[in-house]
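Trainee: I'd like a close look at just one piece of this fold, please. Pick one, and tell me what sits on either side of it and what it joins up with.

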Amino acid sequence: MKITIMKTEHDFDVAAAWRIIGEMLANPKAVIGLSTGQTTGNMHRIVSDIYEKYPFDTSQVTIFNVDELTNLDRSYPGSCYTMIYEQLVKNLRIPEDNFIMPPTLSDDFEKECTLFENRLAARGGADLQMLGIGWNGHIGINQPGTPFEQETWVSPMDPIFEERVRRETNVAPDYPLGGLTRGIVNIMHTRKIVLIAKGESKADIIEKAVFGPVTTDIPASVVQLHPNCEILLDEAAAAKIAGRLPENK
Ligand code: GLP
């Protein structure tokens, strides 16, 4: 595991943006998984800015998001489709067929999970996953307790996030919300993972995920077992691990 700590939040955003651009330049047919949330908005916009100034060939790049909300219209500004499309996909002129997302509405989500995975597999599987981490250690939408063998599925959301989505969309308290997420095993089959976190609110969970036991209580701790994983942080998110770093090789 390689740990990279950037001095400021902006340095983090730029470094994370270059992980995405670097993958696209090194591999014009790259299959790249992204994450939505506070952590990734700026870095996606930086990717778009760099592309606008120095365009390169994106015609064969595939982009997908690690997860998507279920049972809400895709036009909801908080849907992963809309966020990733607006922040990056439309600016990079990624062909429509190469933006692979599960639908938000379906009467058979089990089938959608299989289709999503099949579409990624048909492109040779994911090369890179820029992987956010939730306050409770969730990755994608796999909440604490999710087995590491879990395949792509519809998971309950983290309760704090769910509350926000309910507030923003005005759905009834008993309306079923969830998230279609790549399972932990699917995420782990990605050729390269970059676990990303910034800000002091992530400092505790980063310490647990990176230096604590590998346990389903902290889903992100599974990346300790990945053979090609980088942990990319700003100093605030790294506050609890500074001074305890293994030698980077
Ligand atoms: C949501 C997303 C995750 C993301 C996480 C962290 O739960 N489904 O993919 O990693 O939020 O979000 P933030 O970056 O806002 O802390």
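Mentor: Let's take strand 2, residues 31-34, and work outwards from there. Bear in mind that this is a predicted model, so to speak a computed one: local features need pLDDT of at least 70, side-chain atom pairs count only at pLDDT 80 or more, and totals for chains, interfaces and linings use all residues. Residues are numbered from 1 along each chain as its sequence is written, and side-chain values use heavy atoms, with hydrogens and water left out.

Start with the two faces of strand 2 (strands are DSSP E runs of at least two residues, helices H or I runs of at least four, numbered from the N terminus). V31 and G33 point to one side, I32 and L34 to the other, and all of them are buried. Buried here means under 20% relative accessible area, with a 1.4 Å probe and protein chains only.

Now the neighbours. Strand 3, residues 62-65, runs parallel to strand 2 and is joined to it by four bridges (pairing takes at least two DSSP bridges). One of the bridge partners is T62, which goes with V31. To get from one strand to the other, look at helix 2, residues 41-53: strand 2, helix 2 and strand 3 make a right-handed β-α-β unit. Right-handed means that, with the strands pointing away from you, the path over the helix runs clockwise.

Strand 2 has another parallel partner, strand 6 (residues 128-131), with two bridges between them. Here I32 sits opposite L128.

Next, look at what the side chains pack into. The largest nonpolar core has 31 residues, and I32 and L34 are among those touching the most other members, along with I20, M24, I63, M130 and I196. Such a core is a set of buried Ala, Val, Leu, Ile, Met, Phe, Trp, Tyr and Cys residues joined through side-chain atoms within 4.5 Å. Strand 2 supplies at least two residues of this core, and so do helix 1 (9-26), helix 2, helix 3 (80-89), strand 6 and strand 9 (192-197). Helix 1 gives the most, with seven residues. In soluble globular proteins, nonpolar side chains tend to be buried together.

One last stop is the ligand. The residues around it (a heavy atom within 4 Å) include T36, G37, Q38 and T39. A polar backbone atom of Q38 is 2.7 Å from a ligand oxygen.

Methods: Buried means under 20% relative accessible area, exposed over 50%, partly exposed in between (1.4 Å probe, protein chains only). A polar contact is a pair of N or O atoms within 3.5 Å; within protein, one must be able to donate a hydrogen and the other to accept it, and residues adjacent in sequence count only if both atoms are side-chain atoms.
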